[in-house]
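Trainee: I've got the model open and would like to learn how to read it. Can you walk me through a few features?

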Amino acid sequence: MQLTPSIFREFIGLEVRRTSYQDLHVLTKLLISFSLSLSILFVRDLPSALALLALSAALCKIAGIPLGAIRKYLVVLASVTSFIAIAFVLFASIPGRVTYFEHTLFRLEAEKGVLEWKILVSDRSLEYTAVFVTRIFSMILSAILLLGSVSDRELVWGLRAAKAPYGLCLAVALFFKGFQAFVSDFFTVRDAMQARGVDFDKMSLLEKFRIYVNALIPLFALLISRSYEISLALEARGISPGSRVSSSYYESRPRGRDYIAIVGAILVVALFYYYSALVAGWIS
Amino acid sequence: MSTKARRITWMHIVSFAFATAVSYVLGVLSSLIFPVLGAPGVSALYVAAAVYVPLGIWMGMWGALAGYFSCFFLGLYPSGYSLVQSAVWAFADFIEALIPAAAYRLLRVDPDFTLRRPKYAKLLPIFVVGGTVLLLLGIVVQVLWGATLGEPFTTFYVYAVYIGTALAAIGIIMGMLAGDPKTWGLYVVAGIILPAVLSGIWGSATLTIANFPPPLPAELFVPVLIGWIAGDLIVLAVIATAMLVALTPVVKRTAIYVERWFA
């Protein structure tokens with residue numbers, strides 16, 4: 001199958017290198033991401049969290065997704081990480097074998113006891129934070145793998161191959177095309193506002209927000225008229241939402257490597273489940 | 001309402017797909033510009049709700065589905081939740097649009113958002129948002145501390161609940177005075193308060209307490225819940241109301257308007 005721009009490429013312009021992973025069947029690629037999602041369910045300690053993180057990163061590498069692109073989002077990732085750490089420190093009092101820091105922020109004598117709000121940093125609270133943060137990074141990488149390896153066209157071809165109704169295939173295709181249409185409509189409305197004397201450069205953030213919110217009404221009116229035009233075009237061609245077309249220009253069938261990848265994906269989930277059961281003492 | 005059988009047309013499917021895309025773009029922008037810190041994908045001013053909640057009133061289940069899929073993709077990117085976590089979490093936005101959609105259809109109220117007294121509609125958000133947030137704070141304080149520690153938390157709870165309920169009730173009355181009492185009264189309850197509260201509970205619980213597994217620590221439940229509900233209340237009371245007032249007469253004249261659930 002030819003390589004079509006991934007969803008990530010459409011969203012943020014991230015170029016993905018062509019590798020044999022990209023040639024896998026779209027269902028196989030969905031199943032691999034799904035198996036990583038399921039494996040997260042069984043991650044309860046640092047070693048398994050690190051193993052899943054390494055596996056997700058390796059799969060991104062194999063899929064030709066440049067992980068360097070994530071560097072742009074490091075500030076966001078760092079803020080999420082630090083706020084999770086702050087949540088553990090401020091809101092959860094997890095005692096451990098070793099206490100590194102303890103400080104009472106607030107103490108109130110109530111009718112039936114004392115309300116204490118204290119900061120407690122222990123070895124266990126640090127371990128919990130590390131597991132959560134590692135798991136978040138694994139989740140992000142599994143989402144990147146999915147969006148970096150699957151394209152909107154592949155999804156539509158996959159739906160066509162599965163004999164899905166035209167209505168569903170078109171809804172998926174239009175969803176992805178809808179971003180560009182919305183952005184283009186937004187610039188049209190903004191240009192119209194500027195032509196009427198609105199100066200965005202001299203406005204405060206709050207005023208800009210108010211103006212942009214007001215722009216939602218014409219944008220929605222444009223959405224209705226665009227929907228009307230497309231619907232008329234489809235009806236004029238005699239296609240109904242429930243139509244099923246038996247032929248397809250793009251044929252894609254699972255091959256040998258797809259079956260190997262599917263077995264691998266199932267094995268990954270089984271391994272993480274086995275490890276989690278072993279640690280929990282469900283099996284000996 | 002007409003009882004004539006209607007079918008799903010391209011107009012429904014196409015506008016649903018576009019509305020999902022618009023909600024997704026607005027959701028991404030909202031969560032990046034007004035984030036609830038520590039909770040990716042959660043915004044303190046989730047503007048996307050102003051698209052799919054009115055859409056729920058106009059287009060029934062299509063609006064709820066637009067909310068679900070936009071939130072599902074928001075969960076995947078840029079929030080970075082896994083496929084399963086996103087699929088469970090996204091029901092928050094589905095519920096948010098489903099409540100008004102169901103309320104207007106089950107109670108057979110024909111939405112007429114024509115404004116007769118605009119100043120009441122302008123005051124409505126202050127009372128509804130203030131009252132509901134105060135009520136919520138009172139309940140949170142009682143559940144977390146009042147039940148076990150007693151005074152002074154129980155006194156705060158009682159005052160917060162009484163004042164919050166009174167403010168919210170004034171908000172509902174103001175809504176009913178703004179225009180058609182049935183449409184506006186139902187909108188304040190089932191279009192602003194209930195959707196914000198129930199979607200906030202589902203959304204923050206599936207992020208912190210129950211999911212496969214919850215992506216964030218359980219200790220973040222209360223901050224995320226309060227941020228979520230307050231943000232959605234403001235957006236629904238201010239922006240969604242403006243959308244409904246301006247566009248309901250237009251939408252009702254087009255083929256995208258859905259009298260039943262899907263057609």
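Trainee: How many residues does each chain put into the contact between chain A and chain B?

Mentor: Chain B gives 48 residues and chain A gives 53, where two residues are in contact if their C-beta atoms, placed from the backbone, lie within 7 Å. Keep in mind that this is a predicted model: local features need pLDDT of at least 70, side-chain atom pairs count only at pLDDT 80 or more, and totals for chains, interfaces and linings use all residues. Residues are numbered from 1 along each chain as its sequence is written, and chains are lettered from A and ligands numbered from 1 in the order in which they are written.

Trainee: Which elements of chain B give two or more residues to the side that touches chain A?

Mentor: Helices H1 (10-33), H4 (83-89), H6 (118-149) and H9 (221-253) of chain B do; helices here are DSSP runs (H or I, at least four residues), numbered from the N terminus. H1(B) has the largest share, 13 residues. By class, that side of chain B has 36 nonpolar, 10 polar and two charged residues. Ala, Val, Leu, Ile, Met, Phe, Trp, Tyr, Cys and Pro count as nonpolar, Asp, Glu, Lys and Arg as charged, and the others, Gly among them, as polar.

Trainee: How do I describe two packed helices?

Mentor: You give the angle between their axes and the distance between the axes. Take helix H7 (residues 166-195) of chain A against H1(B): the angle is about 45 degrees and the axes are 8 Å apart. Axes are lines fitted to C-alpha atoms over the stretch in contact, and angles run from 0 to 180 degrees between N-to-C directions. H7(A) and H1(B) are therefore oblique to each other (under 35 degrees is roughly parallel, over 145 roughly antiparallel, 65 to 115 roughly perpendicular, the rest oblique). Residues making the contact include A:Leu174 and A:Phe175 of H7(A), and B:Phe18 and B:Val22 of H1(B). By class, 15 are nonpolar, three polar and none charged.

Trainee: Is B:Gly171 buried or exposed?

Mentor: B:Gly171 is buried, because 26 other C-beta atoms lie within 10 Å (buried takes 20 or more within 10 Å, exposed 12 or fewer, partly exposed in between, with C-beta atoms placed from the backbone). B:Gly171 sits in helix H7 (residues 153-178) of chain B. Leaving aside neighbours within four places in sequence, its contacts include B:Leu124, B:Val128 and B:Val188. B:Pro125 is 46 residues away in sequence, yet 7.3 Å away in space, C-alpha to C-alpha.
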